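Opening the notebook on a new model today. I want to go through a few spots one by one and jot down what turns up.

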Amino acid sequence: MTRRPMTFAAAALTGVALVLPVDLPAQAATPTALSVAQRLTVKGRAPKTGYDRAKFGTAWTDNNPAPWGHNGCSTREDILRRDLSQLRFKKSGRCTRVVTTGRLTDPYTGKVINFVRGRGTSSKVQIDHVVPLADAWQKGAQQWSTATRVAFANDPLNLLAVDGPTNQKKGAGDAATWLPPNKGFRCRYVALQVAVKAKYRAWVTAAEKSAMIRILQGCKGMKLPTEPGGR
């Protein structure tokens, strides 16, 4: 699948009106992740009361803009095709390119995982929300419309194919409580979190913002990811 650059202006998903993140200078068309992290709104974590995965829609949709949706395949299939290599496919229902096997170089651990679709094997590769849904719920998503929450849960900018067990260990952790074991991916990972939180205007806790800035100060020239997956 050919990946296309995605700007914030062009990144609107169904039912979501998006603008440039926070209040950036006009000349900062592609700001650094660090500069955006420094402008994120800081608030306390809201109670988790009322959180339910269903509040973010049924996993997964096919409603993202092309080339990430309206293709007969779920968001999960789109991300598997994007992030895995050596792919083989089958047709299932409306989706003509369901991934049956592939190879993932896991960004979270650095190890290579051979993906084989099937009961007991598919879960070895999971699709992670870089900014977890439960974390978003406690930092703004309770006030979002249903359409915005569904868009957030299916936004390719916020999704990565990763090692299943490592994803389970991450849970709903933010940058202050969990970082990928693969230190070489931490700059990109945090930059993606900043991009997603800025895009949806979700806030961060003081500890989370401090952790983001600490990581990004080691990669000051990194631009804010604007392409799905940010790789």
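I started at Gln 86, which sits in strand β1, residues 85-92. This is a predicted model, so everything below is about a prediction. I checked the backbone there and got a positive phi of about 50° for Gln 86, although it is not a glycine. Most residues other than glycine have a negative phi, so I made a note of it. Is Gln 86 buried or exposed? It is exposed, with a relative accessible area of 56%.

Next I looked up His 70, in the loop between α1 and α2. Its phi is near 55°, again a positive value in a residue other than glycine. His 70 counts as exposed because its relative accessibility is 56%, and the cut-off for exposed is over 50%.

While in that loop I checked the peptide bonds. Ala 59 and Trp 60 are joined by a cis peptide bond, with omega at about -5°. Trp 60 has its place in the loop between α1 (33-37) and α2. Most peptide bonds are trans, so this one went on my list too.

Then I stepped back for the overall layout. I have seven helices and five strands. Along the sequence the pattern reads α-α-β-β-β-β-α-α-β-α-α-α. Of the 231 residues, 54% are buried. Among contacts with a separation of 6 or more, 69% are between residues 24 or more positions apart. The accessible surface comes to about 10500 Å², and carbon and sulfur atoms hold 52% of that.

On to pockets. Rolling a probe the size of a water molecule over the atoms shows where empty space is left. The largest pocket has a volume of about 210 Å³. Its lining includes Tyr 51, Arg 53, Asp 128, His 129 and Gln 168. I sorted the lining residues by type and got six nonpolar, four polar and two charged. Which elements each supply at least two residues of this lining? They are β4 (125-129), α3 (133-137) and α5 (164-170). β4 gives the most, with three residues.

That sent me to β4. Five of its five residues are buried. Val 125, Ile 127 and His 129 point one way, while Gln 126 and Asp 128 point the other way. β4 runs antiparallel to β5 (residues 159-163), and five bridges join the two strands. Opposite Asp 128 in β5 I found Leu 160.

I had to look twice at Lys 170, which lies in helix α5. Where does a lysine like Lys 170 stand, buried or exposed? Lys 170 counts as buried because its relative accessible area is 4%, and the cut-off for buried is under 20%. Leaving aside neighbours within four places in sequence, I listed its contacts: Tyr 108, Asp 128, His 129, Val 130, Pro 132, Trp 178 and Tyr 189. Asp 128 and His 129 from that list also turn up in the lining of the largest pocket.

Last stop was helix α4, residues 146-154. Its buried residues include Thr 148, Arg 149 and Phe 152. What do the buried residues of α4 pack against? I noted α2 (75-83), β4, α3, β5 and α6 (186-200). So β4 shows up once more, as a packing partner of α4 and a strand joined to β5.

Technical notes
Residues are numbered from 1 along each chain as its sequence is written. This is a predicted model: local features need pLDDT of at least 70, side-chain atom pairs count only at pLDDT 80 or more; totals for chains, interfaces and linings use all residues. Side-chain values use heavy atoms; hydrogens and water are left out. On a 1 Å grid over the protein atoms alone, a cavity is a set of points where a 1.4 Å probe fits but cannot get out, and a pocket is an open set with protein on both sides within 12 Å along at least five of seven lines; lining residues have an atom within 4 Å of a point. Grid points are joined across faces, edges and corners, and a volume is the space filled by probe spheres set on the points. Helices (H or I, at least four residues) and strands (E, at least two) are DSSP runs, numbered from the N terminus. Ala, Val, Leu, Ile, Met, Phe, Trp, Tyr, Cys and Pro count as nonpolar, Asp, Glu, Lys and Arg as charged, and the others, Gly among them, as polar. Buried means under 20% relative accessible area, exposed over 50%, partly exposed in between (1.4 Å probe, protein chains only). Two strands pair if DSSP finds at least two bridges between them. Contact means heavy atoms within 4.5 Å. Accessible areas come from the Shrake-Rupley method with a 1.4 Å probe; for residues, only the protein chains shown count as cover.
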